[in-house]
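Subject: The structure I promised you

Hi,

Here is the structure we talked about. Have a look at it first, then read on.

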Amino acid sequence: MTTSPSQPTEIKLVFDEPKQRVKPPLHFADLSPEERKAKAVELGIPAYRANQMSVHFFTHFNDDPDSWTDIPKDLRQTLATTFTPKLISLVKSSVTDDGKTRKDLWKLHDGVLVESVLMSYSDRTTVCISSQAGCGMNCPFCATGQAGLTRNLTAGEITAQVVAAARICASGELPGGATRLSNVVFMGMGEPMANYNAVMRAVRNITTPQPDGLGIGARSVTVSTVGLVNGIEKLTEENLPITLAVSLHTPDDELRDSLVPINSRWKVKEVLEAADKYERKTGRRYSIEYALIRDINDQAWRADLLGRLLRNRNAHVNLIPLNPTPGSKWTASRPFDESEFVRILEGYGVPVTVRDTRGRDIDGACGQLAASEIASSFEKAAEATEGATK
Ligand code: SAH
């Protein structure tokens, strides 16, 4: 069928699949618990073996078939290859804040690199994960956006980052000893709503009680979006009380059209209305993310406009001092402007917090995840090492 050029083309975002190279191997985290059992049966393996695998993977974070002593030796490798192929391997970890923040660089099966950041606090441990390699949203202040989208991650690849974090927590490697991974935020690389199905499968893996999932409370999972309204609407229908965060960054369409380019498709009003519907359906207050950029979006009049927009909404504002990206002319707001911004919003009764800038010195803070840069420096280092040893 041919489409006449005069016909408007619908912008498809949520289900658009960027060109995949070789597909990542299927992992049982790509499947629902029922599908995992069906897959086992299809291979002539009793369904309860899928349950055993779930216990190893989601309860003990153990993907080493040699230690699965409840499974016959000759079956272990088949199960590992079929259900838990290694999807991510650690390239490098950087640690800061006395070991309380740790950024991990992961290599996927096709050499693509993504990052996650693990942060331990007195009352919780949070992992910030990537849902895509790169990002297609092109926000000019965000390091990930600069390189564009490489590809969507699979549910298995997203889940693997969380399982790796849970394993690190349980191993006692973090200061303070063994702990439980308590929170997951989709605020690493990528736009979660542009990879909706894989993100939702991963969210279910995270929130489903053990042994079929990690059993982390839905309220402790945050999905952050630039404001893809079709994605927010779909999420509203999922009936899962996860926390929605909307990266607004300015209350006016004029500036937002350039700070968050997808605003040319869905305006501030539409995004907030979609978030309101989400709030009404789930009873969950949503977050408004706002990176404060000096003299760009931090004026008192914008705080005032934002206060008016949000005063009758069940939203909370998270102000993030801008983390300047390499080569950017933009920087964080002056302390006075930041505190004025807070004061004005509070004057409207809007709850506000200023986000701490964990991981700044290891480029692990918000918006600084850009594995391609690290990748190229790694490749150079590897080339140099190989050259030297030839
Ligand atoms: N694509 C999603 C999630 C990834 S980024 C989204 O945009 O919401 C997570 C948060 O970090 C977003 O609010 C994003 O706008 C913000 N961010 C990106 N670059 C930043 C920077 N340089 N400084 C501060 N925050 C930034």
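Below is what turned up, going from the whole chain down to the ligand.

First, keep in mind that this is a predicted model. The protein has 390 residues, and 54% of them count as buried. Its secondary structure adds up to twelve helices and twelve strands. If you take the contacts with a separation of 6 or more, 66% of them link residues 24 or more positions apart.

Now for the inside. The largest nonpolar core has 101 residues, and the ones touching the most other members are L181, V184, F186, L244, I288 and V317. Helix 5 (residues 155–171) gives the largest share of this core, with ten residues. There is also a second, separate core of six residues, among them M119, C128, V185 and A245.

L244 is a nice one to click on. Which residues does L244 touch, leaving aside its neighbours within four places in sequence? They are M193, V223, T225, I232, L235, A275, Y278, Y286 and S287.

Two of those, Y286 and S287, belong to strand 10, where they sit on opposite sides. Strand 10 covers residues 286–292, and seven of its seven residues are buried. In a regular strand, side chains alternate between the two faces of the sheet. Here one side holds Y286, I288, Y290 and L292, the other holds S287, E289 and A291, and both faces are covered.

What flanks strand 10? Let's take its partners in turn. Strand 9 (residues 243–247) pairs with strand 10 in the parallel sense over three bridges, and V246 stands opposite I288. Strand 11 (residues 315–321) also runs parallel to strand 10, joined to it by seven bridges. There, L292 has P321 as its bridge partner. To get from strand 10 to strand 11, the chain passes through helix 10 (residues 300–310), and this β-α-β crossover is right-handed.

Last comes the ligand. How many residues surround the ligand? The number is 20, and the closest are F141, S224, S247, H249 and N323. Polar backbone atoms come up in three places:

- F141: 2.9 Å from a nitrogen atom of the ligand
- N323: 2.8 Å from a nitrogen atom of the ligand
- T225: 3.4 Å from an oxygen atom of the ligand

T225 may ring a bell, as it is also among the contacts of L244.

Have fun turning it around on your screen!

Cheers

Terms used. Residues numbered from 1 in each chain as written. Predicted model: local features only at pLDDT ≥ 70, side-chain atom pairs only at ≥ 80, totals over all residues. Heavy atoms only, no water. Core = buried A, V, L, I, M, F, W, Y, C linked by side-chain atoms within 4.5 Å. Buried < 20%, exposed > 50% of the residue type's maximum accessible area, 1.4 Å probe, protein only. Helix = DSSP H or I, 4+ residues; strand = E, 2+ residues; numbered from the N terminus. Contact = heavy atoms within 4.5 Å. Pairing = 2+ DSSP bridges. Right-handed = clockwise from strand over helix to strand, strands pointing away. Near = heavy atom within 4 Å. Polar contact = N/O pair within 3.5 Å; in protein donor to acceptor, adjacent residues only side chain to side chain.
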